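Good morning, and thank you for coming. I should like to take you through a structure that is new to this group, and I ask you to keep the view open as I speak.

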Number of protein chains: 2
Amino acid sequence: MVNKNGKTEKSSRIQSVERALIILDVLASKSEGMSLAQISEEIGLPKSTVHGLITTLRDYDYVSQSNETGNYKLGIHLFELGSKVQRAFNIRDAAMPVMKKLNKQFGETVHLGAEDNGEVLYLEKIAADSIFSIMSDVGIRLPMHCSGLGKVLLANKSEAEVKRVISQRGLPALTKRTITTQAKLKEELQRVKKRGYALDDGEIMEGLRCVGAPVRDESGKVLYAISVSGLVKDMYGKRLDEVINATIQAADEISIALKKRG
Amino acid sequence: MVNKNGKTEKSSRIQSVERALIILDVLASKSEGMSLAQISEEIGLPKSTVHGLITTLRDYDYVSQSNETGNYKLGIHLFELGSKVQRAFNIRDAAMPVMKKLNKQFGETVHLGAEDNGEVLYLEKIAADSIFSIMSDVGIRLPMHCSGLGKVLLANKSEAEVKRVISQRGLPALTKRTITTQAKLKEELQRVKKRGYALDDGEIMEGLRCVGAPVRDESGKVLYAISVSGLVKDMYGKRLDEVINATIQAADEISIALKKRG
DNA sequence: ACGAATATTCGATATTTTCGAATTTGTTCA
DNA sequence: TGAACAAATTCGAAAATATCGAATATTCGT
């Protein structure tokens, strides 16, 4: 089946459901909320059509409607469902205590992430004591080739898989230190694999340094990674070595905890 | 418009969207996942109908399908959307640092909650150091009349609103200490209001004691509450007094932080 | 109280969903 | 290896339901 744009598409999708989900995604991109007219404009459907869809979403609390402005936002029920999904990652219970210890030890930000669809998905975050908040948050996605988490996860994939990710996502430069050629990335990933940890040195944000280490599931596959992130001025020399050792050790602890519960 | 059950319903809802959302709710209740046949049975629709709906949900990652069992579960995209919703509570950034301090001070579990639809919705949790994990989690709902958070939130509502909640939710007994009469609850809420904090003494779970204190938004309304929960054996006498004072102080700190940002 | 801007309802039309039956896929056990 | 079963998936006809633009109602600002 071929549509008017010439794209092949599965015919078994339900149009109205598809449209409702698109509305949620559109709303997700505008945290301040949108009016009915804006949504209708954005997705190119008549207001009355959007109205029917969004009324349904509202009635089920997937969308909330501000009673001052009448604007629509993502609703509280998504928060509840999202929490259920997060709880379903059984990595979480194993990882959190260890991550807390790591955070306490150095006072830096600790992350837990996994690969999803060629990107790093941030599953948990323990923020640094300092006010300084880094550009990450639970639920956020970042490219794999420039973060400590991502490089660790990539380094433990087959060459074919790495190629697939690159062809899907490219190697965008977030800073001038970001690795942007396939050859250099390959080299870096080999280094990561050999050393057992990844170092992101301002590749995602100038002035930010980050150590990532692999977490293995029961079967030994690297599905997750943890990282410690801090300012370059706090992450160098002897202290950096300490962070590296502690991060690797913490990751191993989590792997062992995962193995224990099978 | 009146349907066959005699219930009045808005006619403008989109049937297929409604059904898709019901599927998500059904899946949310079974964390281990469900087969197509099970879902179809549960909601009483033909398998082929459910298949169309769930395929759409799957294609947008609202649902994931295990490739071993073929079972359907809630998908990763709900986690992402849920995180966005959570981030939109601007209470979070103000509350977390203070909650962490409180957790560090006593080593007990700290919660942040809000009222939603006559129940306490848990927005954040910092778990105790100990392995002992309490029956709470982010995204969970509990009754208002028997938790520290809930009683604080109720105590700051009008009598009419309290009545409405009771008529909607009743006063179910979770333990033998739970308050189950309207008169006793009224008395208790007056006490809570006067003292400025709520004490849950095994009303939600035997052996668990919990101190709740109100958080005020910019306009002075009590929209949120925080609590510290621990075992009765750790929460009595002088230490309980310390916890109470610290919890109230922490709640005030959060209120002030909220006021500052307007 | 008026006008403008927005949300909501209406009703005819036909596209799309729906449903049960038929088919395919996958798994278990001989 | 293959037969028998159980599950998911596809099919196609029938019509119910979503869709759309126009009409109406509501809200807001001045």
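**The DNA surfaces, the sheet and some single residues**

Helix α1 of chain B gives the most to the surface near DNA strand C, with 3 residues. Please bear in mind throughout that this is a predicted model.

Let me stay with DNA strand C. There are 17 residues around this strand, and those that come nearest are A:Q15, A:L36, A:Y72, B:S48 and B:T49. Of the strand C atoms that come within 4 Å of the protein, sugar and phosphate account for 76%. Both protein chains take part: α1, α2 and α3 of chain A, and α1 and α3 of chain B, each supply at least two residues of this surface. By residue class, the surface near strand C divides into 5 nonpolar, 10 polar and 2 charged.

Which atoms of DNA strand C do the side chains of B:S48 and B:T49 approach? For B:S48, an N or O atom of the side chain is 2.9 Å from a base oxygen of the strand. For B:T49, an N or O atom of the side chain is 2.4 Å from a phosphate oxygen. A:L36 takes part through its backbone, where a polar atom is 2.8 Å from a phosphate oxygen of DNA strand C.

I turn now to DNA strand D. This strand is surrounded by 20 residues, and the closest are A:S48, A:T49, B:Q15, B:L36 and B:Y72. Sugar and phosphate make up 75% of the strand D atoms that come within 4 Å of the protein. Here α1 and α3 come from chain A, while chain B brings α1, α2 and α3; each of these helices supplies at least two residues of the surface. The residues of that surface divide into 7 nonpolar, 10 polar and 3 charged.

Three polar approaches to DNA strand D may be picked out on the screen. A backbone N or O atom of B:L36 lies 2.7 Å from a phosphate oxygen of the strand. In the side chain of A:R19, an N or O atom is 3.0 Å from a phosphate oxygen of strand D. In the side chain of B:H51, an N or O atom is 3.2 Å from a sugar or linking oxygen of strand D.

Let us leave the DNA and look at the sheet of chain A. In what order do the 6 strands of this open sheet lie? The order is β5-β4-β3-β8-β7-β6, and the pairing is antiparallel. At the edges are β5 (141-143) and β6 (198-201), each of which pairs on one side only. From one strand to the next, the twist averages 30°.

Within this sheet, β7 (residues 208-216) and β8 (residues 222-231) of chain A run antiparallel and are joined by 9 bridges. As one example, A:A213 has A:I226 in β8 as its bridge partner. Helix α5 (residues 91-106) of chain A lies across β3, β4, β7 and β8 of that chain, and runs at about 60° to β4.

A:L231 is also found in β8 of chain A. This residue is partly exposed, with a relative accessible area of 25%. A:L231 and A:N156 are 75 residues apart in sequence, and their C-alpha atoms are 26 Å apart in space.

Next, two buried residues in helices. A:S83 has its place in helix α4 (residues 76-88) of chain A. Is A:S83 buried or exposed? With a relative accessible area of 6%, A:S83 is buried, because buried means under 20%. Leaving aside neighbours within four places in sequence, A:S83 is in contact with B:V138 and B:G139.

B:V192 is found in helix α8 (residues 182-195) of chain B. At 3% relative accessibility, B:V192 also counts as buried. Beyond its neighbours within four places in sequence, B:V192 is in contact with B:K151, B:V152, B:A155, B:Y197 and B:A198. B:K151 is 41 residues from B:V192 along the chain, yet their C-alpha atoms are separated by 7.5 Å.

Finally, a point of backbone geometry. A:D61 has a positive phi of about 65° although it is not a glycine. Its place is in the loop between α3 and β1 of chain A. B:D61 likewise has a positive phi of about 65°, and lies in the loop between α3 and β1 of chain B. A:D61 is partly exposed, at 37% relative accessibility; B:D61 is partly exposed as well, with a relative accessible area of 37%.

Terms used
Residues numbered from 1 in each chain as written. Chains lettered and ligands numbered in written order. Predicted model: local features only at pLDDT ≥ 70, side-chain atom pairs only at ≥ 80, totals over all residues. Heavy atoms only, no water. Near = heavy atom within 4 Å. Polar contact = N/O pair within 3.5 Å; in protein donor to acceptor, adjacent residues only side chain to side chain. Helix = DSSP H or I, 4+ residues; strand = E, 2+ residues; numbered from the N terminus. Nonpolar A, V, L, I, M, F, W, Y, C, P; charged D, E, K, R; others polar. Pairing = 2+ DSSP bridges. Axes fitted to C-alpha atoms, helices over the stretch in contact; angles between N-to-C directions. Contact = heavy atoms within 4.5 Å. Buried < 20%, exposed > 50% of the residue type's maximum accessible area, 1.4 Å probe, protein only.
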